[in-house]
Amino acid sequence: MKRTVRERVLRVRGILGPIVKPGKYWREIQDRLERQLALPPTRKQVAWCYRDFLWFRILFNGSMHDYFDGQMYRKSNFVREESLSRYVRFPWRDAIQRQEDWVVFQDKREFYKAFSEHLHRDWMILGPSVSWEEYLAFLARCSYQVFVKIPESGGGKGVRYMTPDTLERQRELFRAGQKEEYILEGKLRQCEEIYSFANASVNTFRMITLVDAKGQVHLAAAVLRMGSGQNPLDNFCMGGMSAVIDVDTGIICSTAKDGDGKEYLCHPNTGKQIIGYRIPDWQGYKDFAVSLGKKYPQMRYVGWDIIKDIYGNYCVIEGNKDAGVELIECHFLWGLKPYYEAILNVGEYPPGGDG
C-alpha cells in the first residue's frame with residue numbers, strides 16, 4: 001500500500017528516534033522493563049531490548065506502546081508480522097473506512113448528536129452560548145456529578161470527574177467553558193454485576209465490529225476493561241486492565257492484564273473472580289454493538305465502548321475509529337490482522353482480490 005508523506009515522515013522519525021536520542025529511549029525501555037519484569041532488569045536485558053525494539057520499529061513499523069503493551073519482546077517475528085501495530089494499523093484502517101465519516105468519531109459533539117438515542121444519559125456542550133441558568137439546571141439534573149471531556153480527545157485523556165456542588169466550583173467550571181468548549185455529561189449508574197468488578201470506575205466493554213464485503217456487521221472481539229481501583233477511568237493507557245471475552249458465550253476466557261503486563265485471576269481491589277465469569281445478558285450486548293455498527297456501515301472497523309445501566313439500558317460511551325489492539329493482543333501469542341481480514345473479506349472472491 002502506498003504510504004502518504006506524513007506516514008513516511010513518521011516512519012523515518014520513529015526509526016531515527018532511538019539512534020538520535022539513545023539515552024532517552026534507554027531510560028524509557030529500562031523503566032518499562034522494571035514495571036513488567038518480576039526482578040529489576042540487568043544491563044544486558046535492557047541492551048537486548050533496546051536492539052530488539054529498534055529492529056521491531058524498522059521491520060514492523062511499531063511504536064514503544066505496541067512493543068511493551070503488546071509484550072512484543074516475548075513474541076517471535078512471525079507473530080509480530082501478524083500484529084496490527086500502530087503505524088501498520090493506520091493505513092490498514094484508512095483503506096476500509098469512509099473518511100468522510102471520521103468527524104463523527106473524532107469529535108464527541110458530533111458523536112453524541114449522531115448516537116443520541118443510544119447514550120441514555122444527560123449531556124451538554126458547555127460553551128459561550130450556554131447561559132448560567134441552563135448550566136445550573138443541567139448540574140442539578142445530574143445531581144452535581146459530571147464528567148468533563150475535551151471534545152476532540154481520546155484514550156481517556158483530559159477526562160475529569162467533578163462534583164461542582166459549591167458556588168465556587170460551579171463558577172470555576174463555567175468560566176472555563178466560556179474560554180474553551182467542553183462536553184459535560186451526567187454520571188452513569190452501571191449495572192451492579194459489572195460495576196462490582198472495580199467499583200471506583202465505570203467498567204466498559206470494548207467491542208470490535210467489522211463489516212464484511214457483503215455489508216454484514218460482525219462482533220469480532222470483545223474485552224472487559226476495568227479500573228485499577230485508584231482511577232475513575234478504565235482505559236488501558238490510564239492504568240486500567242483488560243480481560244478477553246469469548247464472543248459466542250460471553251465467558252471471560254483470560255486473566256486480566258494491565259499495561260505493565262501484570263496478570264490477575266481476581267481483581268486486586270475487590271477480589272472478584274475474573275477468568276471464567278459469564279457476562280449476564282451477553283446477547284443483549286452483542287445485539288447492541290451490531291446495531292451501532294449498522295449506523296455507519298462504511299466505517300468497517302470500529303471499537304465501541306459499551307455498558308448497561310441499572311435500568312437495563314445498553315449505553316454507548318464512545319466509538320473509536322482507530323481502536324488500539326494492544327489490550328487484546330497482549331493476551332495472545334498471535335496477531336489480529338489475519339483474523340480481522342478473514343472477517344472483512346467474507347463474501348469477497350478472491351479474498352482480498354479485485355474480482
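**Strands, sheets and a helix pair**

Q: Starting with strand 1 and strand 4, how many bridges join them, and which way do they run?
A: In this predicted model, strand 1 and strand 4 run antiparallel and are joined by four bridges. One pairing to look for is M124, whose bridge partner in strand 4 is L184.

Q: What about strand 2 and strand 4, how many bridges there?
A: Strand 2 is also joined to strand 4 by four bridges, and these two strands run antiparallel as well. In that pairing, V146 has G186 of strand 4 as its bridge partner.

Q: And what does strand 2 do with strand 3?
A: Strand 2, which covers residues 146-149, is joined to strand 3 by three bridges, and the two run antiparallel. Here V148 has R160 as its bridge partner in strand 3.

Q: So what order do the strands take in the sheet?
A: The four strands form an open sheet in the order 1-4-2-3, and the pairing is antiparallel. Strand 1 (123-126) and strand 3 (160-162) are at the edges with a single partner strand each, so each has one side without a neighbour in the sheet. If direction is ignored, neighbouring strands of this sheet are turned by 25° against each other on average.

Q: Back to strand 4: which of its residues lie on each face, and are they buried or exposed?
A: On one side of strand 4 are Y182, L184 and G186, on the other are I183 and E185, and all of these are buried, which leaves both faces covered. Put as a count, five of the five residues in strand 4 (residues 182-186) are buried.

Q: Switching to strand 10, which strands does it pair with?
A: Strand 10 (residues 301-308) is joined to strand 11 by six bridges, with the two running antiparallel. Strand 5 (residues 205-211) also pairs with strand 10 in the antiparallel sense, again over six bridges.

Q: Where does G303 fit in?
A: G303 has N320 as its bridge partner in strand 11, and I208 stands opposite G303 of strand 10. Another pairing to find is I306, which has V316 of strand 11 as its bridge partner.

Q: What happens between strand 10 and strand 11?
A: Strand 10 and strand 11 form a hairpin with five residues between the strands, and in this hairpin G312 takes a positive phi near 90°.

Q: Are those two strands buried or exposed?
A: Strand 10 is mostly covered, with eight of its eight residues buried. Its two faces carry Y301, G303, D305 and I307 on one side and V302, W304, I306 and K308 on the other, all of them buried. In strand 11 (residues 314-320), seven of the seven residues are buried, so this strand is largely enclosed by the rest of the structure.

Q: New topic, the helices: how do helix 9 and helix 10 pack?
A: Helix 9 (residues 132-141) and helix 10 (residues 167-179) pack at an angle of about 120°, and their axes are 11 Å apart. That angle makes helix 9 oblique to helix 10, and the crossing of the two is right-handed.

Q: Which residues make the contact?
A: Helix 9 contributes W132, Y135, L136 and L139, while helix 10 contributes L167, R169, Q170, R171, L173 and F174. Sorted by kind, the residues of this contact are seven nonpolar, one polar and two charged.

Q: Last one, what does the whole chain look like in numbers?
A: The chain has 14 helices and 11 strands, and buried residues make up 52% of its 355 residues. Of the contacts with a separation of 6 or more, 63% are between residues 24 or more positions apart.

Note on methods: Residues numbered from 1 in each chain as written. Predicted model: local features only at pLDDT ≥ 70, side-chain atom pairs only at ≥ 80, totals over all residues. Heavy atoms only, no water. Axes fitted to C-alpha atoms, helices over the stretch in contact; angles between N-to-C directions. Parallel < 35°, antiparallel > 145°, perpendicular 65-115°, else oblique. Left-handed = near helix turned anticlockwise from the far one by under 90°. Contact = heavy atoms within 4.5 Å. Nonpolar A, V, L, I, M, F, W, Y, C, P; charged D, E, K, R; others polar. Pairing = 2+ DSSP bridges. Buried < 20%, exposed > 50% of the residue type's maximum accessible area, 1.4 Å probe, protein only.
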